[in-house]
Amino acid sequence: AGTIFDPSQINTMISVERLREAGKNQGIEILEAPVSTVSDLPMATQSLVDRGAQALLLSADNLVSSGFTLVNKAAKVAKIPVYVTDMDHIKQGADGGIGVNYFDWGFQSGILAAKVLAGVPPGRLPCTETNDEKIVEPK
């Protein structure tokens, strides 16, 4: 499996480290392609294909998300599936994924913000995961 990521984003690096560990635990080699610009994405995708990636696993980082269509197009040409953690990419052609989307996070955060504006002390509000988790599996 291959992953493309922007190493300057700390959240992405946490995701990549977790992916490395999961791959190690499952005996799956994780091929990595760090990128620093959107224009690097097609070449990074091709690099993973050339090294034998049979699928791409993309965490939601700003750079990869903004250039998702470039990655997806290159993966489709190579006939390898793309799995994502940003569920909005399913609408853009990803083959599958698991995760939450930013709309759901924002909506839930808005409800908490309204409570704070109504006078509820922030310390009394729960810190939870999103209420809506979507799982999309390949056909």
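This is a walk through one protein chain, from its overall layout down to a few single residues.

First, some ground rules: the model is predicted, so to speak a computed picture, and local features need pLDDT of at least 70, side-chain atom pairs count only at pLDDT 80 or more, while totals for chains, interfaces and linings use all residues. Residues are numbered from 1 along each chain as its sequence is written, and side-chain values use heavy atoms, with hydrogens and water left out.

Let's start with the big picture. The protein has 5 helices and 6 strands; here helices (H or I, at least four residues) and strands (E, at least two) are DSSP runs, numbered from the N terminus. If you follow the sequence, the pattern reads β-α-β-α-β-α-α-β-β-α-β. The C-alpha trace spans about 55 × 30 × 30 Å along its principal axes. Of the 139 residues, 33% are buried. That word has a cut-off: buried is under 20% relative accessible area, exposed is over 50%, and partly exposed is in between (1.4 Å probe, protein chains only). About 8,600 Å² of the protein is exposed, with carbon and sulfur atoms supplying 58% of that area. Such areas come from the Shrake-Rupley method with a 1.4 Å probe, and for residues only the protein chains shown count as cover. Among contacts (heavy atoms within 4.5 Å) with a separation of 6 or more, 57% are between residues 24 or more positions apart.

Now look at the strands. β1 (residues 2-5) and β2 run parallel as a pair, with 4 bridges; two strands pair if DSSP finds at least two bridges between them. One of the matches is Thr3, whose bridge partner in β2 is Glu32. Strand β2 (residues 31-34) has two faces: Leu31 and Ala33 sit on the covered one, Glu32 and Pro34 on the uncovered one. In a regular strand the side chains alternate between the two faces of the sheet.

Just past β1, you'll meet Pro7 in the loop that leads to α1 (10-26). Pro7 counts as partly exposed because its relative accessibility is 43%. Setting aside neighbours within four places in sequence, Pro7 is in contact with Met13, Pro34 and Val35. Arg51 is another story: 44 residues along the chain from Pro7, with 20 Å between the two C-alpha atoms.

Next comes another proline, Pro42, in helix α2 (residues 41-50). Pro42 is partly exposed, since its relative accessible area is 32%. Not counting residues up to four places away in sequence, Pro42 touches Leu70 and Ala74. Between Pro42 and Ala55 there are 15 Å, C-alpha to C-alpha, and the two are 13 residues apart in sequence.

Is Ser59 buried or exposed? Ser59 is buried, because its relative accessible area is 19%. You'll find Ser59 in the loop between β3 (56-58) and α3 (62-66). Leaving out residues up to four places away in sequence, Ser59 touches Ser15 and Thr85. With Ser15 there is also a side-chain polar contact of 3.2 Å. A polar contact is a pair of N or O atoms within 3.5 Å; within protein, one must be able to donate a hydrogen and the other to accept it, and residues adjacent in sequence count only if both atoms are side-chain atoms.

Last stop: Phe103 in helix α5 (residues 102-117). Phe103 counts as exposed because its relative accessibility is 62%.
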